[in-house]
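Colleague: Could you take me through one part of this model slowly, piece by piece? I'd like a close look at a single helix and whatever goes with it.

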Amino acid sequence: MSLITAKQLSIGYDGVAVEDKLNFTVNSGDYLCIVGENGSGKTTLMKTLLGLQEPIGGEIIMGDGLKRNEIGYLPQQTIVQKDFPASVEEIVLSGCQNRTGLRPFYSRAEHALANENMERMGITALKKRCYRDLSGGQQQRVLLARALCAARKVLLLDEPVSGLDPRVTLEMYELIAKMNREGINIIMVSHDIAAAVRYASHVLHVGKANFFGTKDQYTESDAGRFFLKQGEDGENK
């Protein structure tokens, strides 16, 4: 069943489009990776899907009862965020804020959900630790647990492995793939096209040459062949 459908979607700022007439669909069970050149509008698309900014044209249709406040979101981290002086448990619990309504406290069920997602991310032993004292990989697991507290069906990830070493990067990719197998629909922005082809079910390429389709279709497309070769050439230098 279709969860998110974009029709003739144009995105940008102040009435100026950075991407025009995008068409794509996210169905139940999908793992969509959004790739493209720097400055092509990938993060802008994420913000538009979340309702943080309005589309310039076209429409986004939410299906199967999905609401925007039921979408988990892991943005790119800033230096300030990495130094945030709160406990792991406090940060993960804050992902439940869209569930509390007017209540000034978290319910027993919300505490249980936070504990469940900390266990899921393998960070239960860190729950009383200060977030800023953790490694980069541990911090990303904390933020994933927080995003999962907000997510009912869909999780949006913006460059979730940025700045991580190769071993931790592989662990994160495997963790995200596992969440997808467990029923969370993934939409991930990534500059790593090789990883997109390895893990994703579908690819949306934005930029000079737009493309949407399965990962197998992408590898056979002109855009896919060009950018995969660029990635291979970069690794071989």
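Modeller: Sure, let's take helix H5, and start with what it hides: its buried residues are Glu110, Leu113, Ala114, Asn117 and Met118. Looking down the axis of H5, you find those buried residues within an arc of 135 degrees, so they line one face of the helix. Keep in mind that this is a predicted model.

What does that face sit against? The buried residues of H5 pack against three other helices, namely H3 (88-93), H4 (97-100) and H6 (136-150). Turn to the other side of H5 and you meet Arg108, Ala109 and Glu119, which are exposed.

Now for the length. H5 covers residues 108-120, which makes 13 residues, and at 1.5 Å a residue they should span 18 Å. The C-alpha atoms at its ends are 18 Å apart, so the helix agrees with that expectation. After H5 comes Gly122, with a positive phi near 70 degrees.

One residue on the buried list may catch your eye, and that's Glu110. This glutamate is in helix H5, and its relative accessibility is 5%, which is under the 20% cut-off, so Glu110 counts as buried. Which residues does Glu110 touch, leaving out those up to four places away in sequence? The contacts are Leu93, Cys96, Arg99, Thr100, Arg103 and Phe105.

While you have the model open, have a look at the aromatic rings too. There are 4 aromatic pairs by the ring-centre rule. One of them is Phe24 with Phe212: the ring centres are 6.3 Å apart and the planes sit at 55 degrees, so this pair is tilted. Phe24 belongs to strand E2 (residues 16-27) and Phe212 to strand E9 (residues 211-214), so the pair ties together parts that are 188 residues apart in sequence. Phe24 is buried, at a relative accessible area of 2%, whereas Phe212 counts as partly exposed at 29% relative accessibility.

Then there's Phe226 with Phe227, whose ring centres are 5.1 Å apart. Their planes stand at 85 degrees, so that pair is edge-to-face. As for burial, Phe226 has 46% relative accessibility and counts as partly exposed, while Phe227, at 18%, counts as buried.

Back to the helix for a last look: H5 has buried residues lining one face, and Arg108, Ala109 and Glu119 exposed on the other side.

Key: Residues are numbered from 1 along each chain as its sequence is written. This is a predicted model: local features need pLDDT of at least 70, side-chain atom pairs count only at pLDDT 80 or more; totals for chains, interfaces and linings use all residues. Side-chain values use heavy atoms; hydrogens and water are left out. Helices (H or I, at least four residues) and strands (E, at least two) are DSSP runs, numbered from the N terminus. The expected span of a helix is 1.5 Å times one less than its number of residues. Buried means under 20% relative accessible area, exposed over 50%, partly exposed in between (1.4 Å probe, protein chains only). The arc is that of the directions from the helix axis to the C-beta atoms. Contact means heavy atoms within 4.5 Å. Rings of Phe, Tyr and Trp (its six-membered ring) pair if their centres lie within 6.5 Å; planes under 30 degrees apart count as stacked, over 60 as edge-to-face and the rest as tilted.
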